[in-house]
Amino acid sequence: MATRDLNYTRNIGIMAHIDAGKTTTSERILFYTGKTHKIGEVHEGGATMDWMVQEQERGITITSAATTAFWQYKDKTYQINLIDTPGHVDFTVEVERSLRVLDGAVATFCAVGGVEPQSETVWRQADKYNVPRIGYVNKMDRTGADFLGVCAQIKEHFGATAMPVVLPIGAEDKFEGLVDLIYNNAIYYFDDKTVRDNFELREIPESMKAEAAEWRAKLIEEVASTDDALMEKFFDDPDSITPDELLAAIRKATMSMQIVPMLCGSSFHNKGVQKLLDYIMAFLPSPLDLPPVTGINPKTDEEVERRASEDDPFCGLAFKIATDPFVGRLAFVRIYSGKLDAGSYVLNARSGKRERISRIYQMHANKQNPMETVGAGDICAAVGFKEIRTGDTLCAENAPIVLEQMTFPEPVIGLAVEPKTQKDLDKLGIALSKLAEEDPTFTVRTDEESGQTVISGMGELHLDIIVDRLRREFGVEINQGAPQVNYKEALTRSVQHREVFKKQTGGRGKFADIIFELGPAEEGKMGLTFVDEVKGGNIPKEFIPSVQKGFEAAMANGALAGYSIDAMKVTLKDGSFHPVDSDQLSFEIAARNGFRAAAPKAGSVIMEPIMSVEVVTPEENMGDVIGDLNKRRGQITGMESKGNARVVKAKVPLSEMFGYVTVLRTISSGRATSSMEFSHFEEVPANVAKDVIEKANGKRKELE
């Protein structure tokens, strides 16, 4: 098989706020690239990319689906690997992991809503991974559509140079087509959903010639400032700049993230999507345009790099795990270098284990085309892994490399679940472990004291979907408790403590004696920082790891209310042992007991998750909205106007936000909307902490 020219590959994602029309845009892309013969609609529940029942019912995207399509641009066939990501904040992890493996993104905005809270979140995530992007303002047919207004908002909110490369002809119900500022012509669309060429090229209408000339001059000036050769031509004779020169310069400026080319259209009415596809090919990078990917060689700890070439050793990143009812567990892999063959062995750099790749598929939403081999720069789904997690690096056995880990936020909300019938107990266990494998922000644990299974996620909607999937996909009916906040505990000061553990039973006894200092960890450090300062063999070396193990285990249940501790520091100063009675278990128990005794003296406090809340409300309800947020211990962090509405930003404890959507609807007669995402953990005020501790301890007593 001939090697593909990677210059003609685009790994792209569509990212946006909920309801900006990402999935509708993806559906049109599939239709125009010939992947589907009939257009699926989100609002009818027939979208190809939203293949989960829950996605079709709720009209939202939950899992990022991957698909491969082909597009003709300038007599060349381009391969597009398209990832449709969710916009809902509870599924922000899906966006994060997709952006990690994409080369370029299409940031989609609603022509009426403009820059919305979640568009800010995904924009920041794209900045974090240096993903070049083009903007697409959708829903130009809606009342209140304002393309240039949205471009201005992007400049204002993100400081990005959003440059229109097209202008809309008409707006709202009179939206007919586009003026292409690069080619200086007009494209008129006609409403025919059955043909792929539903447009014709014409002259720019008289009424728009002056505006088009003004914006074309702005575009050329902006782009010329990033390219010296173009700058000279611009000063000599701006009209001598050819469309091809302009395209090349815009491409360069887009990839260096100096400008964001802006397009517009109405995906639902099939207007503007072909132009969007052309300019995805023209402006967004191919795998060859990006710097080589760097990682660490785990054997030597040296930095190594891999180029997007099949001559380099194989290296790829598993960015998503999905369970498919027909082929089992699928791992979506972005291949950075080398090639992956079906039936070959690869090394999982995290676990250090060899894995056999039994089959490779090119994905089309949830259908698969089997492939024999897939090369650098491509995205595929592989089957056959025994043990794999999101974010694992896969590499050639003789050339190990670990790529930068993906970090995921901690789940902030928990729910106790149990199967309705005892016979479903095993089924529930299997289902939950499969779901936890797929989604790194979803965790399952057993509460040691109550024996209950507690599932945790990023929000109420997140857990709703999980419970729904348990019922439908796995056939498990469950009873669920009320949602609970995942509190944490933290230490605020250091204390020294001596713990002696003695137990005398018939025969050999138990003995351990430790002197240690316990306190908060250094800023930014997670887990247990353990320092061994024992001199002169007062505690034999073989017992030290047991002391560390005891403290690590103790972190799972804080001394105040049994919530886990994320970070602490223990310095083991001294101690003693008994030549006969001391053993590893004695020292482990001494450490656990020592923690319980010392933690209250180390200023233990309860920490609660604080959420960033944004409410968009009509002006007349603003006072009520702010009053209600204040009652919920909220701190207002900002207020701004957006059109006729007001935007209120606040930081509010999660424990005060249950059922907020219903209350907000009542206050505003259904006109206000809100969005919420996790911000940080903060110490709980003393009066609230008392209630939290009493509740937790009351629960413990009940169980005893």
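**Cysteines, rings and a four-stranded sheet in a predicted model**

Cys110 has a relative accessible area of 5% and is therefore buried. The structure is a predicted model, and a look at its cysteines makes a convenient way in. Cys395 is likewise buried, with a relative accessible area of 0%. The cysteine sulfur closest to that of Cys395 belongs to Cys315, but the two atoms are 7.0 Å apart, which is too far for a bond, given that a disulfide calls for sulfur atoms within 2.5 Å. Across the structure, the number of disulfides is zero.

Stepping back to the overall fold, the chain contains 16 helices and 38 strands. It has 704 residues, and 55% of them count as buried. Among contacts in the chain with a separation of 6 or more, 72% come from residues 24 or more positions apart.

Aromatic side chains offer a closer view of how parts of the chain meet. The count of aromatic pairs comes to 12. One of them joins Phe543 and Phe587, whose rings are stacked, with 5.0 Å from centre to centre and 20 degrees between the planes. Phe543 sits in the loop between strand S33 (527-532) and helix H12 (544-554), while Phe587 belongs to helix H13 (residues 584-598), so this pair ties together parts that lie 44 residues apart in sequence. Both partners are shielded: Phe543 counts as buried at 8% relative accessibility, and Phe587 counts as buried at 0%. Elsewhere, Tyr8, Tyr73 and Tyr78 come together as one aromatic cluster.

Aromatic rings also meet arginine side chains. Arg133 lies over the face of Trp123, 4.6 Å from the ring centre. A similar arrangement involves Tyr345, with Arg354 over the face of its ring at 4.1 Å from the centre.

Among the strands, one open sheet is worth following in detail. It is built from four strands in the order S7-S8-S9-S10, with antiparallel pairing. Strand S7 (166-169) and strand S10 (199-202) occupy the edges; each has a single partner strand, so one side of each is left without a neighbour in the sheet. From one strand to the next, the twist averages 25 degrees. In general, strands of a sheet pair through backbone hydrogen bonds, in either a parallel or an antiparallel manner. Here, S7 and strand S8 (residues 177-180) run antiparallel and are joined by four bridges. Within this pairing, Pro168 stands opposite Leu178 in S8.

A last stop is Gln405, which is found in the loop between strand S24 (402-403) and strand S25 (413-419). With 43% relative accessibility, Gln405 counts as partly exposed, in contrast to the buried Cys395. Leaving aside residues up to four places away in sequence, Gln405 touches Arg100 and Gly391. The C-alpha atom of Gln405 is separated by 7.6 Å from that of Asp392, a residue 13 positions away along the chain.

Note on methods. Residues numbered from 1 in each chain as written. Predicted model: local features only at pLDDT ≥ 70, side-chain atom pairs only at ≥ 80, totals over all residues. Heavy atoms only, no water. Phe/Tyr/Trp six-rings, centres within 6.5 Å; stacked < 30°, edge-to-face > 60°. Helix = DSSP H or I, 4+ residues; strand = E, 2+ residues; numbered from the N terminus. Buried < 20%, exposed > 50% of the residue type's maximum accessible area, 1.4 Å probe, protein only. Lys NZ or Arg CZ within 6 Å of the ring centre and 35° of its normal. Pairing = 2+ DSSP bridges. Axes fitted to C-alpha atoms, helices over the stretch in contact; angles between N-to-C directions. Contact = heavy atoms within 4.5 Å.
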